[in-house]
Amino acid sequence: MAETHHLQKRGQTWHYYRRVPTALVRVVGKTFVKKSLGTSDLKEAKILRNALTGC
């Protein structure tokens, strides 16, 4: 997995950013899931990303 896969840094904070599968867009109500991870530390952001992704 790439170091920043599904992660974007906005300002000093890392965000989880992932496309919703087309079949689920009507259920979820949006095409992307975006969530602030509340950290500026890449190592911590990767841990939180893995928890959200289920890795």
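Contact here means heavy atoms within 4.5 Å. With that in hand, select Glu3: leaving out residues up to four places away in sequence, Glu3 touches Leu42, Lys46 and Arg49. What you have open is a predicted model, so let's walk through it stop by stop.

**The whole chain**

Before going further with Glu3, zoom out and colour by secondary structure. You should find two helices and three strands, arranged along the sequence as β-β-α-β-α. The C-alpha trace spans about 35 × 25 × 15 Å along its principal axes. Turn on a surface, and you are looking at about 4,200 Å² of accessible area, 51% of which belongs to carbon and sulfur atoms. Of the 55 residues in the protein, 16% are buried. If you like contact maps, take the contacts between residues at least 6 apart in sequence: 43% of them join residues at least 24 apart.

**Stop 1: Glu3**

Now return to Glu3, in the segment before strand 1. Glu3 counts as partly exposed because its relative accessibility is 48%, and the partly exposed class lies between 20% and 50%. Draw a C-alpha to C-alpha distance from Glu3 to Arg49: the two are 46 residues apart in sequence and 11 Å apart in space.

**Stop 2: His6**

Move along to His6, which also sits in the segment before strand 1 (7-10). Check the backbone here: His6 has a positive phi of about 70°, although it is not a glycine. Show the side chains of His5 and His6, and you will see a polar contact of 3.1 Å between them. Which residues does His6 touch, not counting those up to four places away in sequence? Select His15, Tyr16, Tyr17, Arg18 and Arg49 to see them.

**Stop 3: Tyr16 and the core**

From His6, step across to Tyr16. Beyond its neighbours within four places in sequence, Tyr16 is in contact with His6, Leu7, Val33, Lys34, Lys35, Leu37, Arg49, Leu52 and Thr53. Next, select Leu7, Trp14, Tyr16, Leu37 and Ala45 as sticks or spheres. These five residues make up the largest nonpolar core.

**Stop 4: Pro21**

Follow the chain to the loop between strand 2 (13-19) and helix 1, where Pro21 is found. Is Pro21 buried, exposed or partly exposed? At 49% relative accessibility, Pro21 counts as partly exposed, since the exposed class begins over 50%. For a distance to display, try Pro21 to Ile47: they are 26 residues apart in sequence, and their C-alpha atoms are 23 Å apart.

**Stop 5: the patch around Val27**

Helix 1 (residues 25-28) holds Val27. Val27 counts as exposed because its relative accessibility is 69%. Add Leu24, Val28 and Val33 to the selection and switch the surface back on. Together with Val27 they form a nonpolar patch on the surface, with about 330 Å² of accessible area.

**Stop 6: Glu44**

Finish on helix 2 (residues 42-53), which contains Glu44. With a relative accessibility of 38%, Glu44 counts as partly exposed. One last distance to draw runs from Glu44 to Thr31: 13 residues separate them in sequence, and the C-alpha to C-alpha distance is 26 Å.

Note on methods
Residues are numbered from 1 along each chain as its sequence is written. This is a predicted model: local features need pLDDT of at least 70, side-chain atom pairs count only at pLDDT 80 or more; totals for chains, interfaces and linings use all residues. Side-chain values use heavy atoms; hydrogens and water are left out. Helices (H or I, at least four residues) and strands (E, at least two) are DSSP runs, numbered from the N terminus. A polar contact is a pair of N or O atoms within 3.5 Å; within protein, one must be able to donate a hydrogen and the other to accept it, and residues adjacent in sequence count only if both atoms are side-chain atoms. Patches are made of residues with over 30% relative accessible area and no salt bridge: like charges are joined within 9 Å, nonpolar side chains (Val, Leu, Ile, Met, Phe, Trp, Tyr) within 5 Å. Accessible areas come from the Shrake-Rupley method with a 1.4 Å probe; for residues, only the protein chains shown count as cover. A salt bridge is a side-chain nitrogen of Lys or Arg within 4 Å of a carboxyl oxygen of Asp or Glu. Buried means under 20% relative accessible area, exposed over 50%, partly exposed in between (1.4 Å probe, protein chains only). A nonpolar core is a set of buried Ala, Val, Leu, Ile, Met, Phe, Trp, Tyr and Cys residues joined through side-chain atoms within 4.5 Å.
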